[in-house]
Amino acid sequence: MVVLDAQGEVAATINIDAPGVNPLALAPIPIGGGIPDVAALTEQASAPIGEVSGQVSKLSLFNPDGSLAWAVDLAASAGVPMLVPGIGDLNLDGVPDLAVNTVQQGVSAAPSAAFQILFGVDGSTLLSSAAPIDGLLAAVPLGSLPTGAAILQVKHLAGSATTELSALDVAGAAKWTASIDAAAMPLNAALDEFTQDVKGFTDLTGDGVPDVGVGVAGATSMAIKVIDGATGQIAWNATIDGATQAVPLLMATAGPMVKAAQAGATTALAVVSTGANPAITLLDGATGKVEWTVKTVSSLASTAKAQVTLQAAGDLDKDGVQDILAVVSQVPAAGMQAGQSIADVPTSSLPFPAIRAKPCGSTQRTLRTSA
């Protein structure tokens, strides 16, 4: 990795491709306003573990000038390690922390995974799942609860109709656990605009604590459930006909350049309904009450689908309230037969992010878990 400064000059060159070392991932870690540090995940073959080859992974952090800040050997594992650089500042010390997720392979029929979160300052372990957890899909930042920073653990056992959400503190204790439909998608996760990593969740109920909104899209409607981040209890439920997508929007804005809801910000939910008569419905984040509904176009041709993209547009009319930019595209529905209903177009709402590992360098192993 070559690190360039604002003028395009080479500030550092980091090379981790040493003999016997398999480079897995490199990621910039912004700590201040200048050149970022760089995290590197590498792997070296080790002795066999059971009937599969074990691997010894190392996580290293390099300073902006390319010098080594620290390096930590991770526990030997038969799984596939993955660097998660966007885990956030879990212990609120002002320094981003790092996570390594490991998906097991070849040791059982049911996929399992483990995670380890490391202190960004020196690489010491802040939180670890220790043994692999059956059905672990993700461990992502939730935000700051009244008891401190927390991560959201997502588990789904094969064949189960539900997915289990748990808010874990930095000691690994579950502050609450809630069950949702296995097909549910997160609705108010705040994503990094470049990496699409989950940075946290927005506050829907207005108490300053991040909540988790999920939606299950059916054939003709979407069932929305909001879990209170402070207690894990259901804050409200709503069902919106024809809905396929929900976007968190920061409605109170002080300036014209607000582009997206940030983690921890209090938001409403803008719900998109597609089909013959696309519409947008704004739901109050605290109660689920419908604030307003507006049709985006009068009608569509019977041979077309609708795809609606929403984003925060800032305060265009200077009334102190966030405005919304909606782009409606008509997509020909190829192969539709007479009398067939118009299928909802998939939207940008993402399912809970499965822990996954991608090949990097000479690594040829790929594994993905899915609900």
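The paragraphs below walk through a predicted model of a single chain, starting with the overall make-up and then turning to strands, salt bridges and a few individual residues.

Taken as a whole, the chain is built with 29 strands and 0 helices. Of its 371 residues, 44% are buried. The accessible surface adds up to about 17,400 Å², and carbon and sulfur atoms account for 55% of that. Contacts also reach across the sequence: among those between residues at least 6 apart, 46% link residues at least 24 apart. Right at the start of the chain, Val2 sits in strand 1, which covers residues 2-4. Together with Leu4 and Val10, Val2 makes up a nonpolar patch on the surface, and the three share about 280 Å² of accessible area.

Strand 9 is a good place to look at how strands fit together. This strand spans residues 112-118, and 7 of its 7 residues are buried. Its side chains point in two directions: Ser112, Ala114, Gln116 and Leu118 go one way, while Ala113, Phe115 and Ile117 go the other, and all of them are buried. Strand 9 pairs with strand 8 (residues 98-103) in the antiparallel sense, over 6 bridges, with Leu98 facing Leu118. Strand 10 (residues 125-128) is another antiparallel partner, joined to strand 9 by 3 bridges. Here Leu118 turns up again, this time opposite Thr125. The hairpin made by strands 9 and 10 has 6 residues between the strands, and Gly123 takes a positive phi near 85 degrees in it. Strand 11 (residues 133-134) also runs antiparallel to strand 9, and 2 bridges hold that pairing. In this case Ser112 stands across from Asp134.

Further along, 4 strands line up as an open antiparallel sheet in the order 16-19-20-21. Strand 16 and strand 21 (234-241) are at the edges with a single partner strand each, so one side of each has no neighbour in the sheet. Strand 20 (residues 221-227) and strand 21 are antiparallel and share 7 bridges; Val226 is found opposite Trp236 of strand 21.

Just after strand 16 comes Asn188, in the loop that leads from strand 16 (185-186) to strand 17 (189-191). Is this loop residue buried or exposed? Asn188 has 0% relative accessibility, so it counts as buried. Its side chain has polar company: a polar contact of 3.1 Å connects it to the side chain of Thr202, and it also reaches the backbone oxygen of Asp211 at 3.0 Å. Beyond its close neighbours in sequence (those within four places), Asn188 touches several residues, including Gly200, Phe201, Leu204, Val212 and Pro248.

The structure has 3 salt bridges. One of them pairs Asp73 with Lys58, whose closest N and O atoms are 3.9 Å apart. Asp73 belongs to strand 6 (residues 68-73) and Lys58 to strand 5 (residues 52-62), so this pair ties together parts that are 15 residues apart in sequence. Asp73 is exposed at 55% relative accessible area, whereas Lys58 is partly exposed at 33%. Lys155 and Glu164 form another salt bridge, again with 3.9 Å between the closest N and O atoms. Both ends are partly exposed, with Lys155 at 23% and Glu164 at 30%. In the salt bridge between Lys175 and Asp169, the closest N and O atoms are 3.4 Å apart. Lys175 is partly exposed at 40%, but Asp169 counts as buried at 14%.

Two more loop residues round off the picture. Ser160 lies in the loop between strand 13 (148-155) and strand 14 (162-168) and is partly exposed, at 30% relative accessibility. A polar atom of the Ser160 side chain is 3.2 Å from the backbone oxygen of Thr162. Ser160 and Asp181 are 21 residues apart along the chain, and their C-alpha atoms are 9.3 Å apart.

The other loop residue is Lys318, which follows strand 26 (304-314) and precedes strand 27 (323-332). With a relative accessible area of 74%, Lys318 is exposed. What about its backbone? Most residues other than glycine have a negative phi. Lys318 is not a glycine, yet its phi is positive, at about 55 degrees.

Definitions and conventions:
Residues are numbered from 1 along each chain as its sequence is written. This is a predicted model: local features need pLDDT of at least 70, side-chain atom pairs count only at pLDDT 80 or more; totals for chains, interfaces and linings use all residues. Side-chain values use heavy atoms; hydrogens and water are left out. Buried means under 20% relative accessible area, exposed over 50%, partly exposed in between (1.4 Å probe, protein chains only). A polar contact is a pair of N or O atoms within 3.5 Å; within protein, one must be able to donate a hydrogen and the other to accept it, and residues adjacent in sequence count only if both atoms are side-chain atoms. Contact means heavy atoms within 4.5 Å. Two strands pair if DSSP finds at least two bridges between them. Patches are made of residues with over 30% relative accessible area and no salt bridge: like charges are joined within 9 Å, nonpolar side chains (Val, Leu, Ile, Met, Phe, Trp, Tyr) within 5 Å. Accessible areas come from the Shrake-Rupley method with a 1.4 Å probe; for residues, only the protein chains shown count as cover. A salt bridge is a side-chain nitrogen of Lys or Arg within 4 Å of a carboxyl oxygen of Asp or Glu.
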